[in-house]
Structures are given as structure tokens and as C-alpha cells.
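Reader: I'd like a close look at one part of this protein, the charged pairs between side chains. Could you walk me through them?

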Amino acid sequence: MQKYDCIVIGGGHAGCEASLASARLGCKTLLLTMNADTIGHMSCNPAIGGLAKGQLVKEIDALGGQMAKAADAAAIQFRMLNTRKGPAVRSTRAQVDRHAYKLYVKSVIDSQPNLDVMQGIVENILLKDGTVEGVKTSLNEIYYCKALIVTPGTFLNGLIHIGLDHFDGGRIGEEPSKGLSSALKRLKLRMGRLKTGTCARLDGKTIHFDKLAIQPGDEDIKPFSFQTKKIIKKQVPCYITYTNPKTHNIIRSNLDRSPLFTGKIKGAGARYCPSIEDKVYRFADRDRHHIFLEPEGLNTDEYYPNGISTSLPIDVQEKIAHSIEGLEDARITRPGYGIEYDYVDPTQLFPTLEVKSAPGLYLAGQINGTTGYEEAASLGLMAGINAALKVKCRNPLILERSQAYIGVLIDDLVTKGTNEPYRMFTSRVEYRLVLREDNADLRLTPIGYKIGLVDEKAYHDVMKKKGNIESEIKRLKGSRLEKVLRRPGVSYQDALAQEKVIPVLTSDEVNEVEIEIKYEGFIKRQLGDIGRFSKLERIKVPERIDYKVIHGLSNEIKEKLSNIKPLNLGQASRVSGVTPAAISILMVYIKKVQRER
């Protein structure tokens, strides 16, 4: 009999963060994966970060997670996006060496104390009195646990489509997880189907790079992790090309061979990351679409043509590639494909990511309806933290919308649910000027330190940084220099050029001082909104409230609130269809119940 505090199923981005967090918080943890050689594997594009996703990676790092450090160790190009826009929407994106990334993550997993790795296929979830007790594998091995975290990615009943052919698979060349899907259905969880896809890979030796535009990375590199001092890996460029009318005609003439357009694919795809056939169909007025040729690594000639994700037949994929400038002779090394998989309606989860109907069971990653490495890792980290805290009989960690992008991500999922792959955007975040990428450490490192994931040195480094920033802002407050710095286009160095003694600050500290002073009015306004909003968040909804007896609420609202089980009025107010009037009625009822106690 093998007993663990926490068991994590799946070795993808969510599973790695979950297992590391659990083990680092002192729980004896088991990572169960179908193939131990693919731990940390990047299934789709060789990149980490991007718009809004960069914020997630920085927040993972600030809380004590691993993704940022892994990306820094394997990065071969960094770019800061939206540099011409305000700091609220700037995000870091890095091309990474896919093989180096996987090796780094696996080495961290293998060397982590309290963490065992086993290769196995989970066929059943064991319960005792309705509470998770353990798992059973296809080889009849039984592992017992106090908390179980399920992170299967696209493997849950996965079905791969290439043209009108389809076959079982969690990733091309790998078997799906069918028994686990059946086990979740036996728990009577509401489940659905989603779809995602990937591009073909191209042989770089057959690409005419001389015909393509070069996209270099940033010279002034800002690493993902606040603890990374320097990027040491060689940096390389990406290349840009475009589809054209010939490409679009090839796609249109072959839509009858597309599983997406012939109804073979039933699952909902990501609106914000459509396949090339979907883009050509939906944006018929466009005569071209961007393609970014991204290197897969330093020791391979393979390139990822980001922008032409497809599930069309292989012969059509070849025609598409050969119609594009620079790719006339390109050889496909691996075909693109679409994949359908099962997911669980995330409104069945508490904000801790624990399943409401099955205590001790946590879900994270694409099983919650998300898409993307960064969203998966964020959910994995929070599931690992909360599972460990529950085992340790400590209070859970729930990040509010006003605290982090991760808070918005989880709140959106568990409160509103999703019927398509959920992707994070800055537009989803109400307080994005306060929740910037650059200040994630100032916001979240104290929280990570308090729960035990951030070490003493990292915490004190952040506290020192915070003190330096506050001291300099206080020094400048009300001075002529502050007024000068508020002017558009004036930098900190420009403003202090006439001073004889300039405080010694790091570039990150200077950046924070500039932003806090230049955007002071906007920041104060958002902080005021947060203060008003937090009043609703502080009004807790009684755990055993019976919405059916509350007069004035419609039957539809009663049903929705009964299903979601909001923890506070703030969360209740974001449930789809719940009106401000209903919140007022609920507030009066809660106050009445509190007075009667």
C-alpha cells in the first residue's frame, strides 16, 4: 500500500506546477504520468508568454512557481509586446528551445524533495464516503492520497483529426486517456468537448530565408523571472511571411476535406486562435495573414509556422506551404492536426479549484476549459497550493480579481464557465493598470512567502526593491522634478539630469518610479474602484444558504446561485444573469440571517 499526501495526474505545464507546489509546501507528492519522458513537453508552439500571458508567467514566478525560470533557461529570443502602448498592456514573449525547456523542467521535477514520479495510466478514482481516497491504474496499482489533482491536458478521450481521417490520441504519436474520462463521468460531473490544433513543422534546410523579413528579438532583454540575473543562451531571430490569394484559393477548394467544415469535429474551437481554414472562411475580405516562422531550438532545423494551424489533409498542407513566399520548397517534417478532448464544466469547482461534489479532488489546466501553456500552469500552481494547504489544514489561497490576472482567470472560469477554449486577454482584467507585468513581484511575492513557496532571499530582495521605490517617490513628491517627470516623453534620467546626486536605483526600480508618478491619477482611480468593489467581496455568503426560500429572486437566479455556490457577494454579482437588484435582495437577506444568529 503506497500512501501520499497529494497525487497529481499528468506531467504537462499544469501537472508540473501542481506537483512542485505541493512538494515544496511539505506534502509527500506523487506525479503520475503516462510517459515520464514527456514531462514538461511543449505540445504546440515553442514560445512562452505573449499578450496577457506574460503577466500570468510573471505572477507564477512571483508566487514561487517554476515556468518563468524554465523559460529563461531555454529562451532563444525575447520580445516585449505593445511597447508603443501604456504599461498596463505590455507583455513579454519568448521563443524557447523546446528540447531544452523539457529537459530543464524534468531535471527540476526529478531533483525535487518530497516528489516521486511514476509512469502509469490512471483508470479509476477511488472515493470513501464521497471523498477522494486514491487512484487505481491500468496495472491494478493502487495509490492512496488525501488530495488528488487531475491535469490531463488534451489527453482526456483525445481524438486527432487530419483531413477526414481521425484516430485516438492525446497528442500525435501518444495514446489518449479514456479510463480517466470514464472515471470523471462516474462522478456525475458535467462534461463537454473542446477542440484545439497545431501547425505543421517545417524543415529549415528547405526554407528560403533570404525571401523573408527578419524579426529580431530585443537587445535589452527583460527575463521572465524576477530572480534571473542574465540570459545566457544564444539569441536567434524569427522570420515573417504571409499567406496570399493563391493560398486562400487552395484552402477554399479543399474545405470539403476539412473535418472542421464537414462536421467531423464536434468540439468548440478557440475563437481567438483559429485554424488557417477558419481564418480564410471568416475573414473572406482579407487577402493575406501573417505567418511567423519560429525556431524550435538551437540544435534542430525544424521551424513552427505560427499562423497556419490546420487539420486539412497532408497533401493540402503541402500545397498551402508551397504557395507561400519563402516556403516554395519547404518540406513538412510533422503534419498539423486538430484534436478534440473532454473537459469539465468549471462552474462545478470552488475558486480553490476543488470539485464541489467531490472533496479532495482538484482540476487544473485544459480540463477546466482553458487553452495555452500559461493558463494551464497558473491553474496547476493554484491547485497544487490549495491541495497542499488543505492537507496541512491551513486556509486556502484565493486570489481576487483585484490582486492578479490569475485571480481573474479562475474567477471567470468558476463563476461564468466557458463553452469554448478560454484564453486570457488584458481586456478581461478590470484593473490592468494596477496588475501590470512589471509589478507582479511587488503584488504577489509577499503572498508566496507567507504560504511558504518563496524563499527568504527572494522575499527580502522584493522588500528592498519596494522600499527603494517608495523612498524615491516620497523624495520626488511635490518637487519640481516630479512635475517634469509627469510630462509625456520625459524619462527619469531626463528629469534628474540637472541633479548633482542621483539615487542609485536598478532599472526595474526606475521603471516603477516612472510609472507610479506618470500614471498616479489613473492608478488612484483604479485603487478607489478596487476599494468600492472589495466591499462586496467582503460580504460572505453563508455556506448552507438556501436560495429557494429567498423572496424576490427569480427561479432562474435561484437555480444559478444554487449551482455556482458563490463564496461572497462579489462572486455572486458576476454570475451570468444575476442582476444588481438580485444582489441587493441577497445582501438584505444575508444581513437578516446574521442579525438572527
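How many salt bridges does the structure hold?

Author: Bear in mind that this is a predicted model. The structure holds 42 salt bridges, so let's pick out a few, with a salt bridge being a Lys or Arg side-chain nitrogen within 4 Å of an Asp or Glu carboxyl oxygen.

Start with arginine 443 and glutamate 59, whose closest N and O atoms sit 3.0 Å apart. Arginine 443 belongs to helix H11, which covers residues 440–451, while glutamate 59 is part of helix H2, residues 53–63. Because the two partners come from those two helices, their salt bridge ties together parts that are 384 residues apart in sequence. Now check how much of each residue can be reached from outside. Glutamate 59 has a relative accessible area of 0%, so it counts as buried. Arginine 443 comes in at 16%, and it is also buried because the cut-off for that label is under 20%.

Helix H11 has another charged residue to look at, aspartate 441. Its side chain meets that of lysine 465 in a salt bridge, at 2.8 Å from N to O. Lysine 465 lies in helix H12 (residues 456–476), so here the pair links parts that are 24 residues apart in sequence. Both lysine 465 and aspartate 441 are buried.

For a pair within one helix, go to H17, residues 555–564. Lysine 560 and glutamate 556 both lie there, four residues apart, which is about one turn of the helix. Their side chains form a salt bridge with an N to O distance of 3.4 Å. Lysine 560 has a relative accessibility of 25%, so it counts as partly exposed. Some salt bridges also share partners, and that joins Arg401, Asp411, Asp412, Lys416, Glu430, Glu537 and Arg574 into one network.

While you have the model open, take a look at a sheet as well. Four strands make up an open sheet in the order E11-E10-E19-E12, and their pairing is antiparallel. Strand E11 (165–168) and strand E12 (191–198) are the edges, each pairing on one side only. On average, neighbouring strands in this sheet are turned by 25° against each other, ignoring direction. If you zoom in on strand E10, residues 159–162, you'll find four bridges joining it to E11, with the two running antiparallel. Within that pairing, leucine 159 stands opposite aspartate 168 of E11.

Terms used. Residues are numbered from 1 along each chain as its sequence is written. This is a predicted model: local features need pLDDT of at least 70, side-chain atom pairs count only at pLDDT 80 or more; totals for chains, interfaces and linings use all residues. Side-chain values use heavy atoms; hydrogens and water are left out. Two strands pair if DSSP finds at least two bridges between them. Axes are lines fitted to C-alpha atoms, for helices over the stretch in contact, and angles run from 0 to 180 degrees between N-to-C directions. Buried means under 20% relative accessible area, exposed over 50%, partly exposed in between (1.4 Å probe, protein chains only).
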